[in-house]
Amino acid sequence: MAKDSRTRFNQIIIGHLKEAKGQLALAVLSIIGFTVTSLLVPWPLKLIFDQILLGKPLPEGLAVLSGLVQPGSIATLVGLSASIVLIAFFSGFFSYWQLYITSRIGYRIVYKLRGEMFEHLQRLSLSFHNRAHTGELMSKITTDTNTLKDVYSQYLVTFSTHILTVAGMFAIMVALNWKLALIAAATFPLLSWALFHVLRKVRKSAKKQRANEGRLAAQVAEILGAVNLVQAFGRERYERERFEDESAQSMEESIRAARMEAAATRLVEITSSFGTALVVAFGGWQVLQ
C-alpha cells in the first residue's frame, strides 16, 4: 500500500512538472542568471582598486578588457561604479523571477496533492476513519503538503543555486591560481561529509517533529469535538496534562532540530576556515618568495 502511495505521489509530481516544463526552463535560466550576477559582484571593486587606483596590469583572463580599463581614468571609474548598480539590478531581476516561478509551481503541486488526498480519504473505509484521528489527517493535508512545497520550491532552488555558485567560484579560482584552488578544494570532502552527516540527523528529527505535531493536532481536535463531555465529567485537568505532555514532546524535538541546524552551520564555518587559513598561508608564502 505504501509503495502504491509513493508511486501515485511520484506520478502527481512528475506529471505536474511535465505540464510546467516551460516555467521550469524559465526558472532554470533565472537561477543561472542569478548565479552569474552573484559571481560578478566583487569584480568591479577589484578592477577599481587594482587597475584604476593602483595601476596594476590586468590578469590574463581579463586581457580582453585592456582597451576599456585604463589606470587613472575617470570615465572607467564612473563606468565600473555604474556597473555595480547594473549588476545589482539584474541580480534582483533574476532572483525575483526564480522565486516567483518556483513558488508558483510549488503551490500548484500543493493544490493537486491536497485534492488527491481529500478524494482518497473520502474513498477509505469507515473502519479506517473510526481508527484514524481527524486532527492528524488534517495536519497531513495542510501542514505536510506545505512542507513538500518548501522542499520543491525553496530548498531545491537554494541547493541548486549554491552548487552553481560554488562551481562558478571554483572555476574562477582555477583561472586565477590553480594551486590555491586545489588547496581550497581539499576541504570539500570533509565539508561534504560533515554537512550531510548532520543534515541526515536533522531530517530524522524533523520527521519526528511532524509526527508529534500531527498527534498534537489530533488530540486538540478530539478534545474540542467532545468539550461538552470533558466539562461534564470534570476532565479538564486530565486533558490539560495530556496536552502538555504532547506539546512538550513536540517542543523538545523542535529544539533538538534547531540545535542540530545551528551545529551544521557552525561546522560548515569552522571547516571553511581551515580552507581559508591554508589558502592565506600558501598565498602569503608565494608572495614572500
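The mean pLDDT of the protein comes out at 76, and 81% of its residues reach 70 or more; pLDDT is the predictor's confidence in each residue, on a scale from 0 to 100. This is a predicted model, so local features need pLDDT of at least 70 and side-chain atom pairs count only at pLDDT 80 or more, while totals for chains, interfaces and linings use all residues. Residues are numbered from 1 along each chain as its sequence is written, and side-chain values rest on heavy atoms, with hydrogens and water left out. Among the elements of the protein, helix H1 (residues 2-19) sits at the bottom of the confidence ranking with a mean pLDDT of 65, and H2 at the top with 86.

As for the fold, the protein has 10 helices and zero strands, which along the sequence reads α-α-α-α-α-α-α-α-α-α. Helices here are DSSP runs of H or I with at least four residues, strands are runs of E with at least two, and both are numbered from the N terminus. Of the contacts in the protein with a separation of 6 or more, 76% join residues 24 or more positions apart, a contact being heavy atoms within 4.5 Å.

Turning to the surface, about 19,400 Å² of the protein is exposed, and carbon and sulfur atoms supply 67% of that area. Accessible areas come from the Shrake-Rupley method with a 1.4 Å probe, and for residues only the protein chains shown count as cover. Buried residues make up 26% of the 289 in the protein; buried means under 20% relative accessible area, exposed means over 50%, and partly exposed is anything in between (1.4 Å probe, protein chains only).

Helix H2 offers two residues to compare. Ser30 is placed in H2 and is buried, with a relative accessible area of 6%. Leaving aside residues up to four places away in sequence, Ser30 touches Phe94, Trp97 and Gln98. Val28 also has its place in helix H2, but at 45% relative accessibility Val28 counts as partly exposed. Val28 and Thr102 are 74 residues apart in sequence, with 9.5 Å between their C-alpha atoms.

Helix H3 (residues 43-53) holds a run of buried positions, namely Trp43, Pro44, Leu47, Ile48, Asp50, Gln51 and Ile52. Just after H3, Gly55 adopts a positive phi of about 70 degrees. Further on, in the loop between H3 and helix H4 (74-123), comes Ser73, which is buried at 19% relative accessible area. Ser73 and Ile52 lie 21 residues apart in sequence and 6.7 Å apart in space, C-alpha to C-alpha.

At the other end of the chain, helix H10 (residues 236-288) contains Ser272, partly exposed at 32% relative accessibility. The C-alpha atoms of Ser272 and Ala184 are separated by 8.6 Å, although the two residues are 88 apart along the chain. Val280 lies in H10 as well and counts as exposed, at 57% relative accessibility. Its C-alpha is 10.0 Å from that of Ala184, with the two positions 96 residues apart along the chain.

Then there is the second largest pocket, which holds about 280 Å³ of space. On a 1 Å grid over the protein atoms alone, a pocket is an open set of points where a 1.4 Å probe fits, with protein on both sides within 12 Å along at least five of seven lines, and lining residues have an atom within 4 Å of a point. Grid points are joined across faces, edges and corners, and the volume is the space filled by probe spheres set on the points. Residues lining this pocket include Ser38, Leu39, Pro42, Trp43, Met169 and Val279. Helix H2 (21-40), helix H6 (134-176) and helix H7 (178-185) each supply at least two lining residues, with the largest share, four residues, coming from H6. By class, the lining has 10 nonpolar, two polar and no charged residues. In this scheme Ala, Val, Leu, Ile, Met, Phe, Trp, Tyr, Cys and Pro count as nonpolar, Asp, Glu, Lys and Arg as charged, and the others, Gly among them, as polar.
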